[in-house]
Amino acid sequence: MTRALTLIRRRLVGSVFVLLIVITGTFLLLEAAPGDAVDAYIVSTGGDAGMIELLRHRWGLDQSELTRLANYLWALLHLDLGQSVTFSRPIRDVILERLPNTLLLMVSATALSFGLGSALGIYAGARPGSFRDRFLSIGSLALYAVPGFWLGLVLIVVFAVDLRWLPIGGIESLASDKTGLARAADIAVHLVLPVSALGFIYLALYLRMMRAGMAEAWRQDFVLAARARGLSRRRIVLAHVARNALLPLITMLGLQSAQMLGGSVVVESVFSVPGLGRLAQEAVASRDTPLLLGIILVSAVLVIVINLLVDIAYAFLDPRVGASEAGA
Amino acid sequence: MSGFTISRRKMLAGSAMLLASTAMQISGWAQTPKKGGRLVLAADSEPRNLNPAIVASNGVFFISSKIVETLAEASFDGKDGLAPRLALSWEGAPDGLSVTFKLRDGVKWHDGKPFTSADVAFSALQIWKPLQNLGRTVFKDLAAVETPDDLTAIFKFAKPTPFQLIRNALPALSSVVPKHIYEVGKIEDNPANNAPIGTGPFKFGEYKAGQYYRLTKNTDYWGKDEPYLDEIIYQVLPDRTSAASALEAEEIQLAAFSAVPLADLDRISKVPGLKVISKGYEGLTYQLVVEINHRRKELADVKVRQAIAHAIDKDFVVKTVFLGYAATATGPVPKNDPQFYTADVPTYPFDVAKANALLDEAGYKKGPDGKRFTLKLLPAPYFNETKQFGDYLRQALAAIGIDAELVNNDSAAHIKAVYTDHAFDLAVGPPVFRGDPAISTTILVQSGIPDGVPFSNQGGYKNDALDALIARASETLDTSARTDLYKEFQKEVAADLPLINVAEWSFISVARDTVGNIANNPRWAVSNWADTYLAG
């Protein structure tokens, strides 16, 4: 337990600096983009000079960039994410409303790509060079090469429009007043297509990694020793080869979480899922700087936490890592 | 009135269209409006402020017009193109200093309080004039609103204001909100801006960000037996392809405002149970315009502007970019406007040879590489069609030796580049014609507008004769004299080309056959839908 605590403490200190850099960088990038929130707003309304000036003042855009950044950081220090100019609501509420949907999508898609990917990887890696190995490798690579939005659209056309097995989008039925288990089942049905679109793309990564790791492990002495002891092939594959190939996959899991967040922007748009990715896209289009900063901040925290969990898991799975960390 | 169904094929066939529409008419009559049901339709954007008295824009009206009503609505057959809503009659004084509205009796707000002239006075003076994007211009001289009794509101103007303008502004600018809700606190921060309270056939139900808006039936509505529908659900579908899929999957019954892209209409019109309707948007005409920066010395020469106008094949643009769902333009007022349009203006038929000759005459000979000069071209990104026309214009200009460099921005960046920074030579814009040239059309060519005002003359164009004409029209009270001045205005703009009007278009609805009473007024998508129903 102390090993984990040391790790957490060290990571937390580092994270603060990472977050500061992320926030300032995002702020400056967004300021460099031409046009501000008022420019984005008047696209749909028009308006005279007086109205535009009034809006800039109301939204605090008549202050200098540095003042606004300083104000933002100062509020953040008090755990206040500020007010969204386009939603006219506290940013915390806007984000909390969407975060669960994105988390649900990400966790499900990760479980799908990791679970199915590593299982298929074991299946393929159990007999390297066989037909099923080649078939799965090529198939998964083809999936990896497919753009996410295209896969999403094809899934919609086949399963929602033609077969009508599944809803075309959304996170749950509209205004259905469902509660409890019925609601959970409703959400699960709505998640099938977006989770598949997001999960199948990353499946190849885990599959290939698992397979490569197993090919490597087959050549190790302990496999030879296991064979010499007369263990069944099944036991050798699962307990010796696959287990050793699993470790790099855990690392990948952490790295992948950040990419998943990026991929969710596309999938959330195609499937009309009200999540953080879509919100981020809207925040950029409407130049809602504080909202985008809030989303980036939450995403950064999410990635940091996931990586921390991965490191802790790693320390438990591989005693060698824990030893060196504790010793350092 | 029944739905008026047009598929592209029928429209091109022409004679077949007449037959088809007659057939629809017959089946339409056979259907009697039915009560009840939930109408689910696509919404592609989520307006943050739903108060149409503050934000007079189609995106807000699309949802709010069912909740908050205006004094009058546009109509195909009503007098002056209007039908009464909260006002029963309107009368302008000959001196242009007052307009008297007689209001509807027995109307209640959604919270049960009675609607009176005090609400109209409050909305006009406290919201339309000081806060509303369009009202700030039209009602700028409104000095007071007298309320001699609960059902009479007399608008008093400090300067003579043409009654024709006020009348034409009613459908878009006169949303009435309740005084008793808005007189407490700051109007901009009122919670009712996000959950509007009105007099309309539907009440605001709930809004789930990123998912849907739900409107429910107002059982106390003033219209006899109206509304027919129990509920309206706007499903938020941000992706451009989702609306078509959702219609096919029968998850939604209606997609308005061209939520189904033009390219998909041919296919979707053949899906059994779906109809494509191009009627019901006559009062919401968008104009495809080439905006010109007259600060560029080449473009300050009228011959160069005429050459560019001759280089554009408007018929080709209508056929290819708009797939036939548009009309070619002759000037700054669209052809479908019943009051002001005149065809008697200088025209610029497609003629590449003439365009080349004009440029030679202007002194911009082709260089050894075949190019005369280079221009920066910024197509507005708001519509697919404005972007596609940008691509076309680049090719059309290449044919006359002008090298156009395309600059693509997102909406906010485009607005800033064109209207604040003036960092363009040519831009493609979609201004809206709002039923009267004084609302948002003359501003496109008038001089003296401060930097940063969007959809206005930011090209540095100054024409004293035209400015004088605009000023005179804005003070002319007599309707026919005023109309004549705007006809002259169209001639002058078409002659001097401060900008080039290429085409006029509006939106397309796709609906299931069961949706009744679609498109029965010129602003149908943004009207109150009290008589919309779902059959069987």
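User: At what angle do helix α5 (residues 91-125) of chain A and helix α6 (residues 131-145) of chain A pack?

Analyst: This is a predicted model, in which local features need pLDDT (the predictor's confidence in each residue, from 0 to 100) of at least 70, side-chain atom pairs count only at 80 or more, and totals for chains, interfaces and linings use all residues. Residues are numbered from 1 along each chain as its sequence is written, while chains are lettered from A and ligands numbered from 1 in the order written. Helices (H or I, at least four residues) and strands (E, at least two) are DSSP runs numbered from the N terminus; axes are lines fitted to C-alpha atoms, for helices over the stretch in contact, with angles from 0 to 180 degrees between N-to-C directions. The axes of α5(A) and α6(A) lie 8 Å apart, and the helices pack at an angle of about 145°.

User: By class, how many residues in the contact of α5(A) with α6(A) are charged?

Analyst: Residues are in contact if their C-beta atoms, placed from the backbone, lie within 7 Å. Helix α5(A) contributes Leu120(A), Tyr123(A) and Ala124(A), and α6(A) contributes Arg132(A), Asp133(A), Leu136(A) and Ser137(A). Asp, Glu, Lys and Arg count as charged, Ala, Val, Leu, Ile, Met, Phe, Trp, Tyr, Cys and Pro as nonpolar, and the others, Gly among them, as polar. Four residues of this contact are nonpolar, one is polar, and the number charged is two.

User: What arc do the buried residues of helix α3 of chain A cover around the axis?

Analyst: A residue is buried if 20 or more other C-beta atoms, placed from the backbone, lie within 10 Å of its own, exposed if 12 or fewer, and partly exposed in between. In α3(A), residues 49-58, the buried ones are Met51(A), Ile52(A) and Leu55(A). They are on the same side of α3(A) because their arc, taken from the directions from the helix axis to the C-beta atoms, is only 100°.

User: Which residues are exposed on the other side of α3(A)?

Analyst: The buried residues of α3(A) pack against α2 (37-45) of chain A together with α5 (135-138) of chain B. On the other side, the exposed residues are Gly50(A) and His57(A).

User: What is the radius of gyration of chain B?

Analyst: Chain B has 17 helices and 22 strands. For 536 residues the globule rule (2.2 Å times the number of residues to the power 0.38) gives 24 Å, and the chain is close to that, so it is as compact as a globular protein of that length. Its radius of gyration, taken over C-alpha atoms, is 24 Å.

Conventions
Contact = placed C-beta atoms within 7 Å.
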